[in-house]
Amino acid sequence: MRSNSRVPALALAIALGFSATAFAQSPDRELLFHPNLDTDLPATFDAPIVLGRAVAADPVWTRTGLWADRPEALWGLAQVEDARPPVWDPSSDTWFAWALGMLVQVRPDGSLPVILESLPGHDFDIRAAKGLLVYRDPARDEIVLVRLDGKNERRVLLSGFHFFNPRFSPDGTRIVVSESRAEGGHLWLIEVDGERATDLGRGEQASWSADGRHLVFLKIDHDGHRLTASSLYTRDIASGVERRLAVTRAHLALQPRLSPDGRFVAFVDEETSSLMLSRLPKEVR
């Protein structure tokens, strides 16, 4: 997010009496919001706070805060002719990216050390501290797990062109995978050390809670031509219990992402491409 697009959010914070320190003042222009312990934003899903225009495909939370755009423009990726936006790894507090068909670490000094010399696709996730990588291979239509132990052994988890977006739980023990279906997407859960994938039922665009105990995801309605509503749900992994948190029609929420402290959900409004922020109800945190 460019610096001038952050002005409305800052002005809103001051006008409503929030601590302006909650909104990023760092030279990292894409860092948009940092919740602090003294900030009590009265944002709901019916009346979310508009932070600015969304730039990245989905918002990204790190330990620093909420990024409206992934910072490839700040570091060495800007100099690479064929690269994709970086992926945040909470296990190592580091960004990684697909660049020129390789997996590279993205360092603040501009260097891009190669982690894996061949990465077939750029739809991936990584837990470097656990030595784990998962990606979608577009040529083979497979979801593949790699153990980064020198041997780089690969194991196919799912096969089919309709599977995509594999994402590790924060501790790297589970993976949630999206499946596209005409009647509405499904979510699949895979234990990294297991042999079986479990169909969790209808759901899309899942985000893990920081403790790995819950998924936050959407169920999207459409009339055959356009989206008409998106319902936000949470699912308890252990019990399988789902709970609907909100139905958004005024703001068609997409790409919900939980903050590391579990208090906020950032999402993109499909109609306006705005990045928005809401609080999770206390009873579901």
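How many of the 5 residues of strand β17 (residues 204–208) are buried? In this strand 4 of the 5 residues are buried, and β17 is accordingly described as mostly covered. Here buried denotes under 20% relative accessible area, exposed over 50%, and partly exposed the range in between, with a 1.4 Å probe and protein chains only. Strands (E, at least two residues) and helices (H or I, at least four residues) are DSSP runs numbered from the N terminus.

The structure is a predicted model, in which local features need pLDDT of at least 70 and side-chain atom pairs count only at pLDDT 80 or more, whereas totals for chains, interfaces and linings use all residues. Residues are numbered from 1 along each chain as its sequence is written, and side-chain values use heavy atoms, with hydrogens and water left out.

The protein chain contains 1 helix and 23 strands. Of its 285 residues, 53% are buried. The chain exposes about 13400 Å², of which carbon and sulfur atoms supply 50%; accessible areas come from the Shrake-Rupley method with a 1.4 Å probe, and for residues only the protein chains shown count as cover. Of the contacts between residues at least 6 apart in sequence, 40% join residues at least 24 apart, a contact being heavy atoms within 4.5 Å.

Confidence is expressed as pLDDT, the predictor's confidence in each residue on a scale from 0 to 100. The chain averages a pLDDT of 79, and 76% of the residues score at least 70. Among the elements, strand β10 (residues 132–137) has the highest mean pLDDT, at 98, and helix α1 (residues 7–15) the lowest, at 33. Over residues 1–29 pLDDT stays under 50, and the model has 52 contacts beyond four places in sequence for this stretch. Where pLDDT is low, the predicted coordinates should not be read in detail.

Two hairpins illustrate the strand pairing, for which DSSP must find at least two bridges between the strands. Strands of a sheet pair through backbone hydrogen bonds, either parallel or antiparallel. Strand β17 pairs with strand β18 (residues 214–222) in the antiparallel sense over 3 bridges, and Glu204 has Leu218 in β18 as its bridge partner. The hairpin formed by β17 and β18 has 5 residues between the strands, and Gly212 in the turn shows a positive phi of about 75 degrees. In the second hairpin, strand β21 (residues 253–258) is largely enclosed by the rest of the structure, because 5 of its 6 residues are buried. The antiparallel pairing of β21 with strand β22 (residues 264–269) extends over 4 bridges, one residue involved being Ala253, whose bridge partner in β22 is Asp269. Between β21 and β22 there are 5 residues, and Gly262 in this turn has a positive phi of about 75 degrees.

An open sheet is formed by 4 strands in the order β13-β14-β15-β16, with antiparallel pairing. Its edge strands, β13 (163–168) and β16 (197–202), each pair on one side only. From one strand to the next the twist averages 25 degrees, where axes are lines fitted to C-alpha atoms (for helices over the stretch in contact) and angles run from 0 to 180 degrees between N-to-C directions. Strand β13 is joined to strand β14 (residues 174–179) by 4 bridges in the antiparallel sense, and Arg167 stands opposite Val176 in β14. At the other edge, Ala197 lies in strand β16. Beyond residues up to four places away in sequence, Ala197 touches Leu158, Trp188, Leu189 and Ile190. The C-alpha atoms of Ala197 and Leu157 are separated by 7.6 Å, although these residues are 40 residues apart along the chain.

Asp125 is located in strand β9 (residues 124–127) and counts as buried because its relative accessibility is 4%. Its side chain reaches the backbone nitrogen of Phe168 at 2.8 Å. Leaving aside neighbours within four places in sequence, Asp125 is in contact with Val87, Trp88, Leu133, Val134, Pro166, Arg167 and Phe168.

Positive phi values also occur in residues other than glycine, including Asp93, at about 55 degrees. Asp93 lies in the loop between β5 (87–89) and β6 (94–99), and its relative accessibility of 38% makes it partly exposed. Asp141, in the loop between β10 and β11 (142–147), likewise has a positive phi, near 55 degrees. With 25% relative accessibility, Asp141 counts as partly exposed.

Conventions
Polar contact = N/O pair within 3.5 Å; in protein donor to acceptor, adjacent residues only side chain to side chain.
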